[in-house]
Amino acid sequence: YFCDGMDPQVEDMFVHTSIHELAHFVGDKPGGALPIVDHAYTDQARYDQLGHWQRLTNAETYANYVTDFY
């Protein structure tokens, strides 16, 4: 459970946030070559400017990918 602030949110936001946070744990081991981090979020202009490797190591990218099919 994240926090009380998630309660009034729509279900899609809860799913998106859950997947985003879980994505941090599917990359390389901590300190590894390609950890899944937060390079940019969807609502930031730089999100569309991420390079190939940044997209592959960005938690928001995985959350967007999964919730597009949810």
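Colleague: Hi! Let's start with L34. Where is the place of L34?

Modeller: Hello! L34 sits in the loop between α1 and α2, with α2 covering 52–56. Keep in mind as we go that this is a predicted model.

Colleague: Thanks. And is L34 buried, exposed or partly exposed?

Modeller: L34 counts as partly exposed, because its relative accessibility is 36%, and the partly exposed class runs between 20% and 50%.

Colleague: Which residues form a nonpolar patch on the surface with L34?

Modeller: Its partners there are W53, L56 and Y62. Together, the four have about 390 Å² of accessible area.

Colleague: Let me zoom out for a moment. How many helices and strands are there in the protein chain?

Modeller: The count is 3 helices and 0 strands. Following the sequence, you read the pattern α-α-α.

Colleague: What about the surface of the whole chain?

Modeller: The protein chain has an accessible surface of about 5,200 Å², and carbon and sulfur atoms hold 59% of that. As for the inside, 26% of the 70 residues are buried.

Colleague: Okay, on to helix α1. What should its span be, and what is it in the model?

Modeller: Helix α1 has 13 residues, 11–23, so at 1.5 Å a residue the expected span is 18 Å. The end C-alpha atoms of α1 are 18 Å apart, which agrees.

Colleague: Nice. Which residues of α1 are buried?

Modeller: They are V15, H16, T17, S18, H20 and A23. A handy thing to know about helices: residues three or four places apart point the same way, because an α-helix has 3.6 residues a turn.

Colleague: What do the buried residues of α1 pack against?

Modeller: They pack against α3, which is 59–68. Seen from the other side, α3 has buried residues A59, E60, T61, A63 and N64, and these pack against both α1 and α2.

Colleague: Can we pick one residue out of α1? Say H20: what is it in contact with?

Modeller: Setting aside neighbours within four places in sequence, H20 is in contact with D38, Y41, A59, E60 and A63. H20 counts as buried because its relative accessible area is 5%, and buried means under 20%.

Colleague: And E21, also in α1: buried, exposed or partly exposed?

Modeller: E21 is partly exposed, with a relative accessible area of 32%. E21 and A59 are 38 residues apart along the chain, yet their C-alpha atoms are separated by 7.1 Å.

Colleague: How much do residues that far along the chain add to the contacts overall?

Modeller: Taking contacts in the protein chain with a separation of 6 or more, 26% are between residues 24 or more positions apart.

Colleague: New topic: aromatic rings. How many aromatic pairs are there?

Modeller: The count comes to 1 aromatic pair. The pair is Y65 with F69, and the arrangement is edge-to-face. The ring centres are 5.3 Å apart, with 65° between the planes.

Colleague: Why give both a distance and an angle?

Modeller: A pair of aromatic rings is described by the distance of the centres and the angle of the planes.

Colleague: Last one: are Y65 and F69 buried or exposed?

Modeller: Y65 counts as exposed, since its relative accessibility is 55%. F69 is exposed too, with a relative accessible area of 65%. For both, the cut-off to remember is that exposed means over 50%.

Note on methods
Residues are numbered from 1 along each chain as its sequence is written. This is a predicted model: local features need pLDDT of at least 70, side-chain atom pairs count only at pLDDT 80 or more; totals for chains, interfaces and linings use all residues. Side-chain values use heavy atoms; hydrogens and water are left out. Helices (H or I, at least four residues) and strands (E, at least two) are DSSP runs, numbered from the N terminus. Buried means under 20% relative accessible area, exposed over 50%, partly exposed in between (1.4 Å probe, protein chains only). Contact means heavy atoms within 4.5 Å. Accessible areas come from the Shrake-Rupley method with a 1.4 Å probe; for residues, only the protein chains shown count as cover. The expected span of a helix is 1.5 Å times one less than its number of residues. Rings of Phe, Tyr and Trp (its six-membered ring) pair if their centres lie within 6.5 Å; planes under 30 degrees apart count as stacked, over 60 as edge-to-face and the rest as tilted. Patches are made of residues with over 30% relative accessible area and no salt bridge: like charges are joined within 9 Å, nonpolar side chains (Val, Leu, Ile, Met, Phe, Trp, Tyr) within 5 Å. A salt bridge is a side-chain nitrogen of Lys or Arg within 4 Å of a carboxyl oxygen of Asp or Glu.
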